[in-house]
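The following exercises concern strand pairing, helix packing and backbone conformation in a predicted model. Each task is followed by a worked solution.

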Amino acid sequence: RLSKALISSMKSRSFEMESKLADTIKKASVDPLTHVKNSTAYDDRKAYIDAKIKQHSAGEFAIVICDINNLKNENDIYGHAIGDIYIRNCSKIICNTFANSPVYRIGGDEFVVILTDLELRKKDELMDILAAEVHKAKRIDHSRNGKADFAFGIAVFDETIDVDFESILQRADAVMYENKRKSKGKIVR
């Protein structure tokens, strides 16, 4: 009886430890402010994709990069608590638009989305939706009310020119900065 009780106790304790480990791993890969994947998860995914590119087995995907506009100004005028709301508002628009793709917060005011499958095929439509949602949200009077504003760009993996993840990201970044400059209207692809 004693050994059965000991084995049962050990199994129970093992399950608890596995559960705590899984929870810790999840917390280590999630941004606490926005609840999207964090830069650690992003670095892991980037390394995985780089390995796939080197093996010529990356498949089709695109990278969307988003950079929040005027976050410093929002923080300076209204304080960091309002700046955090502003970040969450931007994150919500990104996550709602790309509901089936992983979203990463890679810096204070930057997000990356990796599109595959259906969302990759619908990328043009989704980018138009994103533009419309940003346009609507930036007209709101205050972050507390849902105001959000960010520039974004997209680049599709091209195995003939892209040697690694960073080369795709740089192309998406260039499009994003062009859109930031044009911030009044049409998006560039």
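**Exercise 1.** Determine which residue of S4 stands opposite Cys66, and place this pair within the sheet.

*Solution.*
Step 1. The residue of S4 opposite Cys66 is Phe152.
Step 2. The strands concerned, S1 and S4, are antiparallel and are paired over 7 bridges.
Step 3. Cys66 also stands opposite Phe111, a residue of S3. Strand S1 (residues 62-68) is joined to strand S3 (residues 110-115) by 6 bridges, again in an antiparallel arrangement.
Step 4. The complete strand order is S2-S3-S1-S4, in an open sheet of 4 strands with antiparallel pairing. In general, the strands of a sheet pair through backbone hydrogen bonds.
Step 5. Strand S2 (103-105) and strand S4 (150-156) are the edges, each pairing on one side only. Between neighbouring strands the average turn is 20°, with direction ignored.

**Exercise 2.** State how many residues of S4 are buried, and identify which strands helix H6 touches.

*Solution.*
Step 1. A residue counts as buried under 20% relative accessible area. In S4, 6 of the 7 residues are buried, so that the strand is mostly covered.
Step 2. Helix H6 (residues 123-138) packs on the sheet and touches S1, S3 and S4.
Step 3. The direction of H6 makes about 175° with that of S4.

**Exercise 3.** Describe the packing of H3 and H4 by angle, distance, handedness and composition.

*Solution.*
Step 1. Two packed helices are described by the angle between their axes and the distance between the axes. For helix H3 (residues 71-78) and helix H4 (residues 80-97), the angle is about 145° and the axes lie 7 Å apart.
Step 2. The crossing of H3 and H4 is right-handed.
Step 3. On the H3 side, Leu71, Glu74, Asn75 and Tyr78 make the contact; on the H4 side, the contributors are His80, Ile82, Gly83, Tyr86 and Ile87.
Step 4. Sorted by class, the contact of H3 with H4 comprises 5 nonpolar, 3 polar and 1 charged residues.

**Exercise 4.** Explain why the buried residues of H3 lie on the same side of the helix.

*Solution.*
Step 1. The buried residues of H3 are Leu71, Glu74 and Asn75.
Step 2. Because these residues cover an arc of only 95° around the axis, they are on the same side of H3.
Step 3. The buried residues of H3 pack against S1 and H4.
Step 4. The face turned away from the buried side of H3 carries exposed residues, namely Lys72, Asp76 and Ile77.
Step 5. After H3 comes Gly79, which has a positive phi near 100°.

**Exercise 5.** For His56, Asn70 and Gly59, decide whether each is exposed or partly exposed.

*Solution.*
Step 1. The cut-off for an exposed residue is over 50% relative accessible area.
Step 2. His56 is in the loop between H2 and S1. Its relative accessibility is 74%, so His56 counts as exposed. The phi of His56 is positive, near 60°, although His56 is a residue other than glycine.
Step 3. Asn70 lies in the loop between S1 and H3. With a relative accessible area of 51%, Asn70 is exposed. Asn70, not a glycine, has a positive phi of about 60°.
Step 4. Gly59 belongs to the loop between helix H2 (39-54) and S1. At 44% relative accessibility, Gly59 counts as partly exposed.
Step 5. The C-alpha atoms of Gly59 and Thr116 are 8.8 Å apart in space, while the two residues are 57 residues apart in sequence.

Technical notes:
Residues numbered from 1 in each chain as written. Predicted model: local features only at pLDDT ≥ 70, side-chain atom pairs only at ≥ 80, totals over all residues. Heavy atoms only, no water. Axes fitted to C-alpha atoms, helices over the stretch in contact; angles between N-to-C directions. Helix = DSSP H or I, 4+ residues; strand = E, 2+ residues; numbered from the N terminus. Left-handed = near helix turned anticlockwise from the far one by under 90°. Contact = heavy atoms within 4.5 Å. Nonpolar A, V, L, I, M, F, W, Y, C, P; charged D, E, K, R; others polar. Pairing = 2+ DSSP bridges. Buried < 20%, exposed > 50% of the residue type's maximum accessible area, 1.4 Å probe, protein only. Arc of directions from axis to C-beta.
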